[in-house]
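Me: I've got a structure open and I'd like to talk it through. Can you take my questions one at a time and show your reasoning?

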Amino acid sequence: MKTGHDDLIRLTKADIPRAAQVLGRAFATELLATTYFPEEKRLPIAETFSSLALYLCVKYGEVYATSPDYEGIAGWCPPGTAPFSGWQSLRAIPLRVLIRFARQGAATLQPMGDYVDS
């Protein structure tokens, strides 16, 4: 058994679209997604939501994958980093992703965000 993280792959901004697809598929069927979004919107919004988190983690923390096939992905930021200011988010997340998030129903996620934050 290997220990440590020498065999992990550190992801960069260029890796985020593919990693977000993997995470989107994983989280599109979670209870919160199925509660707040109709079936046809779940996968796209889960991918976008994953993108937001990944961009923030790449900019202000770390993101790793277990292999080039991305069977496992973990991202985190150091304690005290979050919550992120609007400026920090703008610096980390491409405008096209923020616009896509707004168009997909970001306002719908407010109750979900409130629930997760409580």
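Reply: Happy to. Helices here are DSSP runs of H or I, at least four residues long, numbered from the N terminus. Bear in mind that this is a predicted model.

Me: Where does Ser50 sit, and which residues is Ser50 in contact with beyond its neighbours within four places in sequence?

Reply: Ser50 belongs to helix 3, which covers residues 39-60. Buried means under 20% relative accessible area, and Ser50 has 8%, so Ser50 is buried. Leaving aside neighbours within four places in sequence, the contacts of Ser50 are Ala20, Leu23 and Gly24.

Me: Which element gives the largest share of the largest nonpolar core?

Reply: That core has 20 residues, and Leu11, Leu54 and Ile93 touch the most other members. Two or more residues each come from helix 1 (16-27), helix 3, strand 2 (62-65) and helix 5 (95-104). The largest share, 7 residues, is from helix 3.

Me: What does Leu11 touch, not counting residues up to four places away in sequence?

Reply: Leu11 is one of the three residues that touch the most other members of the core. Not counting residues up to four places away in sequence, Leu11 touches Ala19, Val58, Val63, Tyr64, Ala65, Tyr70 and Ile73.

Me: Why is there no bond between the sulfurs of Cys77 and Cys57?

Reply: A disulfide is a covalent bond between the sulfur atoms of two cysteines. The cut-off for calling one is sulfur atoms within 2.5 Å. Cys57 is buried at 11% relative accessibility, while Cys77 is partly exposed at 21%. The sulfur of Cys77 is too far from that of Cys57 for a bond, because the distance is 4.0 Å.

Me: So how many disulfides turn up in the whole structure?

Reply: Cys57 is in no disulfide, and its nearest cysteine sulfur is that of Cys77. A search of the whole structure gives a count of 0.

Me: Is the ring pair of Phe49 and Phe101 stacked, edge-to-face or tilted?

Reply: The structure holds 3 aromatic pairs. In the one formed by Phe49 and Phe101, the ring centres are 6.3 Å apart. Planes under 30 degrees apart count as stacked and over 60 as edge-to-face; here the angle is 40°, so the pair is tilted.

Me: Which elements does that pair link, and how many residues apart are Phe49 and Phe101?

Reply: Phe49 is partly exposed at 43% relative accessibility, whereas Phe101 is buried at 16%. The pair links distant parts of the chain: helix 3 holds Phe49, helix 5 holds Phe101, and the two are 52 residues apart.

Key
Residues numbered from 1 in each chain as written. Predicted model: local features only at pLDDT ≥ 70, side-chain atom pairs only at ≥ 80, totals over all residues. Heavy atoms only, no water. Buried < 20%, exposed > 50% of the residue type's maximum accessible area, 1.4 Å probe, protein only. Contact = heavy atoms within 4.5 Å. Core = buried A, V, L, I, M, F, W, Y, C linked by side-chain atoms within 4.5 Å. Phe/Tyr/Trp six-rings, centres within 6.5 Å; stacked < 30°, edge-to-face > 60°.
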